[in-house]
Amino acid sequence: MKSILAALILLAAPALLLAAQRREQAGNAKAAVETLEIRTAPAPAEHGISQTAEPLFRENGLITNSMLVTWMVALVLVVFARFATRKIQEVPSGAQNFWEWLVESLYDFLEGIIGPDLVKKTFWFFATIFIFILFTNWSGLIPGFGTVGWGVEDEHGFHVTRPLLRGGNADLNMTAAMAMVFFFFWTVWALQSNGVKGFFLHLFGPKGESSGALKLLLTVIFLLVGLLEVISILFRPISLSFRLYGNIFAGENMLDAMANLIKEPAWARAVASCVLPIPVYFMELLVGLIQALVFMLLTAVFTLLICQHEEAREGTHQ
């Protein structure tokens with residue numbers, strides 16, 4: 001019996017090994033098919049607003065929809081300023097009254113933060129930045145932005161894939177450009193106020209009065225602190241650009257999500273797309289104002305910190 005069982009096992013072993021090998025091959029083939037299906041499956045449709053601005057007229061064109069909006073906002077501001085100041089009156093009214101109130105309010109506000117001397121030199125930049133960012137943020141809330149353009153027809157109706165107009169500050173290129181322009185003028189103002197030697201002493205020089213070994217120790221410490229300050233200064237344009245871009249881009253995505261929250265039926269979708277975004281509109285009006293104010297205040301404070309001399313700072317603390 002033992003011999004018979006051993007013979008049967010020896011005879012059945014190749015068949016069992018072959019069956020196991022076939023099952024393994026079948027499992028590998030199934031896994032390969034599933035992997036191929038995953039790779040060849042169409043990518044899920046992107047919801048919300050694209051993170052990058054869409055080129056106009058050509059697929060790889062230089063002019064984008066956000067660039068077009070910035071030009072339009074700048075043109076409107078220039079035309080309105082010229083219209084408001086074409087006939088200066090001693091007792092202003094209408095457009096002149098509004099423009100003078102805006103400029104004087106900004107001047108008094110900045111003078112209280114950076115002082116009368118520095119505001120005379122830098123007011124033109126900070127006021128321009130605030131006004132331009134504010135109206136660029138608000139322009140993205142106008143109906144038609146992001147909803148008029150080229151697109152495709154799907155089961156829910158016409159879907160815009162390449163809008164004609166896009167919020168100017170919802171494009172990282174625009175916010176980064178403004179931050180780099182500020183960084184350039186910040187360097188110019190710092191060198192004008194401190195000189196080349198004073199600029200480096202401001203960053204790396206020891207603060208306060210000391211002597212002997214304590215002075216040597218403080219020199220090493222402030223040298224290391226200066227290196228950290230340089231890294232912080234280099235990151236300022238990045239933080240400025242991403243802060244403004246992130247808030248405006250998130251707001252426009254929220255408006256888009258609220259407008260497309262209800263898909264069916266068609267009448268409910270039409271009503272919801274008009275009613276649901278209304279509370280978000282009021283919130284985005286406030287966000288646009290706050291972000292313009294934050295950008296102006298941060299750039300003004302950065303300028304004050306590098307242009308204010310040590311004696312003035314000590315007097316301020318006293």
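The following questions and answers walk through a predicted model.

Visitor: Which pattern does the chain follow when read along the sequence?
Guide: In this predicted model, the chain has 9 helices and 2 strands. Read along the sequence, these elements follow the pattern α-α-α-α-β-β-α-α-α-α-α.

Visitor: What percentage of the 318 residues in the chain do buried residues make up?
Guide: A residue counts as buried when its relative accessible area is under 20%. Among the residues that meet this cut-off are Ser66, with 2%, and Asp171, with 7%. Over the 318 residues in the chain, the buried share is 31%.

Visitor: Which two side chains meet in a salt bridge?
Guide: Side chains of opposite charge can pair when their charged atoms come close. A search of the whole structure finds 1 salt bridge, and its N to O distance is 3.2 Å, which lies within the 4 Å cut-off. One partner is partly exposed, with a relative accessible area of 29%, while the other counts as buried at 10%. The two side chains are those of Glu229 and Arg236.

Visitor: Over the face of which ring does Arg236 lie?
Guide: Arg236, which shares a salt bridge with Glu229, is also placed against an aromatic ring, at 4.2 Å from the ring centre. That distance is within the 6 Å cut-off for a charge over a ring, and the ring belongs to Phe302.

Visitor: Are the rings of Phe199 and Phe200 stacked or edge-to-face?
Guide: A pair of aromatic rings is described by the distance of the centres and the angle of the planes. A search of the whole structure finds 20 aromatic pairs. For Phe199 and Phe200, the centres lie 5.6 Å apart and the planes stand at 85 degrees. Because an angle over 60 degrees is the criterion, the pair of Phe199 and Phe200 is edge-to-face.

Visitor: Which of Phe199 and Phe200 is buried, and which is partly exposed?
Guide: The cut-off for buried is under 20% relative accessible area, and partly exposed runs from there to 50%. Phe199 has a relative accessible area of 12%, whereas the value for Phe200 is 45%. Therefore Phe199 is buried and Phe200 is partly exposed.

Visitor: Which residues form one aromatic cluster?
Guide: Beyond the pair just described, there is a grouping of aromatic residues that joins two stretches of the numbering. Its members are Trp124, Phe125 and Phe126, together with Phe182, Phe184, Phe185 and Trp189.

Visitor: What accessible area does the nonpolar patch on the surface have?
Guide: The patch is formed by Leu228, Ile231, Phe235, Ile238 and Phe242. Leu228 is found in helix α6, which covers residues 212-259, and is exposed, with a relative accessible area of 59%. Taken together, the five residues of the patch have an accessible area of about 530 Å².

Visitor: How far apart in space are Asp171 and Phe242?
Guide: Asp171 lies in the loop between β2 (157-163) and α5 (172-204), while Phe242 is one of the residues of the nonpolar patch. In sequence Asp171 and Phe242 are 71 residues apart. In space, from C-alpha to C-alpha, Asp171 and Phe242 are separated by 9.9 Å.

Visitor: With which side chain does the side chain of Ser66 make a polar contact?
Guide: Ser66 has its place in helix α2, residues 65-84, and is buried, with a relative accessible area of 2%. Its side chain makes a polar contact at 3.3 Å, and the partner is the side chain of Thr64.

How values were computed
Residues numbered from 1 in each chain as written. Predicted model: local features only at pLDDT ≥ 70, side-chain atom pairs only at ≥ 80, totals over all residues. Heavy atoms only, no water. Buried < 20%, exposed > 50% of the residue type's maximum accessible area, 1.4 Å probe, protein only. Phe/Tyr/Trp six-rings, centres within 6.5 Å; stacked < 30°, edge-to-face > 60°. Lys NZ or Arg CZ within 6 Å of the ring centre and 35° of its normal. Patch = residues over 30% accessible without salt bridge, like charges linked within 9 Å, V, L, I, M, F, W, Y side chains within 5 Å. Areas by Shrake-Rupley, 256 points an atom, 1.4 Å probe, with all protein chains shown as cover. Helix = DSSP H or I, 4+ residues; strand = E, 2+ residues; numbered from the N terminus. Polar contact = N/O pair within 3.5 Å; in protein donor to acceptor, adjacent residues only side chain to side chain.
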